[in-house]
Amino acid sequence: MDRRTEDQRNTEALLGRILCYIHDVLPGPPASRHSPALSAFLALPHHHLDRLSALPDDLLREVVSRLPVTDAARTAALSRRWRPVWRSAPLVLADLHLLPAPLLVQPQVPPPDARRVASVVSRILAAHPGPFRRVHLVTSYTEESPPGLLARWLQLLAANAVQELVLASRPRSFDLDLQLPAALFRMATLTRLYLGLWKFPDTASFPGAASFPNLRELGLCSVVMDCRHMDFILAGSPVLEILCLQGNFAMDRLTLVARSSLRCVQTSMVSDLEISVEDAPHLERLIIWSAASTTRRSPRKRINIGGAPALTILGYLDPGVHTLQVGNTIIKAGTRADPRTRVPSVKILGLKLCLGIQNEAKMLPCILRCFPNVERLHIKSKKNAENTGELNLKFWEEFGATECIRSHINLMVFKNFRGDQSELCFLKFFLERAQMLQELAIVYGKGYFSSMAEANSRVKSLFDTTWANSCCSLVLFESNFPIDEEREILNFKRGSDFSIRDPFSFVVHA
């Protein structure tokens, strides 16, 4: 094998892993590939089929629209009664269902059968008169696709009132040069849109009218765009409620202004992104699943909480990566409690820090003072090569307990527990002062301790101190994943599900 071939294979393998991450973030296809229910349905005796055929047209169309497209089309062969049903039912199409089953396990580079699948997609879109309910195209468009093919697909989708669209390209390299056609911005019926691995077009020549007047959920996954493009989308989406960002290329700022309609903003695997919440009266959740600076010396990125009176869930704030600003005040070590630096609406807070680094640990009480009414606290303990030594109980006692620790926090989840002295001293300090604490959940990485007995021995010293609430319970969990392995990337769905009270709680009741 020559060097060039080996490098190419290594690049394809890395790109394949990245595709796996992105496809994990993207919403899944609207129906399972195989439909056992349909197979059983087709095997029914004819008199049972006749009974089903007697159902009203609206109900038959609803049944067919919930099937994978290949199974839905097969219903036309059942009888003359069923022949027009698929064409009159709202179209549900996922190109993954058109691939051979073995190729669905893991995204591959180059994508297999992409040309054949694209041809089938074109025929389906042309044959179905609409409307289109949900369309997922994540494997059929590549760099080798014919010019204008994507624009023609989008024109058909727009003409047939598509409601939900998941659209991802399948590049062969890290050069994300596949540009989104302008036709995308004429899809006024869209309520849900997820885009993956695209380059944003120049919006300077686009009309100023609302691009997506009905869009309520938007996900951008590894899309090359800058701040102007994001501002354009937000300005053109007057009813947008959910925004999800995975990866960010060339965009270093997200600003919520002009009485934003957003209720939930989530980011994952972003680097050097500043977030400014200036005027978001409906924002309830600001979730930063994972964040990192591009270099060790990169300046911390500002998270500014201004006009967000409904904000109840915030995290994970990382003092090593983020600088918290509340209103016009930058929160620093030693910042005193002040009405201007308080966000009383936040009830659930997530923090990520190294308790062995003094500069990060000192920020913990300062941040907690900004959120006096927190009831659920999630802390991710991180390991750092710059550990400045074990911080003892006296270190924490000098700061004193904050209002939320004394009077409000009833659940704390401590993740990535390693059992070092800095962690144990903080936990002792917390247990001695948290009067309302009902449960402390400590989570350690899969395989980090050799046995449950070893894990129990690491927390034994916590029972040697006097707890502020004698009725509090301590539970110890082993995570399903190794320590420090980020898996929250897979939880955009959880974060934007408003029926889940606490999206950070993976091991305790939500």
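The lining of the largest cavity in this predicted model is made up of 8 nonpolar, 3 polar and 2 charged residues. The space enclosed by this cavity amounts to about 70 Å³, and among the 13 residues that line it, Val270, Asp272, Leu273, Ala291 and His322 are the closest to its centre. Three strands, namely S9 (270-271), S12 (291-292) and S13 (301-307), each contribute at least two residues to this lining. In total, 6 cavities of 30 Å³ or more were counted in the model.

Strand S13 also takes part in an open sheet of 5 strands, in which the order is S7-S10-S13-S15-S16 and the pairing is mixed. In general, the strands of a sheet pair through backbone hydrogen bonds, and the pairing may be either parallel or antiparallel. The edges of the sheet are formed by strand S7 (253-256) and strand S16 (329-330), each of which pairs on one side only. Strand S16 runs antiparallel to strand S15 (residues 322-326), to which it is joined by 2 bridges; glutamine 325 has isoleucine 330, in S16, as its bridge partner.

With regard to covalent cross-links, a disulfide is a covalent bond between the sulfur atoms of two cysteines, and the count of disulfides in the model is 0. For cysteine 221, the closest cysteine sulfur is that of cysteine 244, at a distance of 7.8 Å, which is too far for a bond, given that the two sulfur atoms of a disulfide must lie within 2.5 Å. Cysteine 221 is counted as buried because its relative accessibility is 0%. For cysteine 472, the closest cysteine sulfur belongs to cysteine 471 and lies 9.1 Å away, so that here too the separation is too far for a bond. Cysteine 472 is likewise buried, its relative accessible area being 9%, where the cut-off for burial is under 20%.

Burial was also examined along helix H4 (residues 57-65), in which Leu60, Val64 and Ser65 are buried. These residues lie on the same side of H4, because they cover an arc of only 130° around the axis. In an α-helix there are 3.6 residues a turn, so residues three or four places apart point the same way.

Definitions and conventions
Residues are numbered from 1 along each chain as its sequence is written. This is a predicted model: local features need pLDDT of at least 70, side-chain atom pairs count only at pLDDT 80 or more; totals for chains, interfaces and linings use all residues. Side-chain values use heavy atoms; hydrogens and water are left out. On a 1 Å grid over the protein atoms alone, a cavity is a set of points where a 1.4 Å probe fits but cannot get out, and a pocket is an open set with protein on both sides within 12 Å along at least five of seven lines; lining residues have an atom within 4 Å of a point. Grid points are joined across faces, edges and corners, and a volume is the space filled by probe spheres set on the points. Helices (H or I, at least four residues) and strands (E, at least two) are DSSP runs, numbered from the N terminus. Ala, Val, Leu, Ile, Met, Phe, Trp, Tyr, Cys and Pro count as nonpolar, Asp, Glu, Lys and Arg as charged, and the others, Gly among them, as polar. Two strands pair if DSSP finds at least two bridges between them. Buried means under 20% relative accessible area, exposed over 50%, partly exposed in between (1.4 Å probe, protein chains only). The arc is that of the directions from the helix axis to the C-beta atoms.
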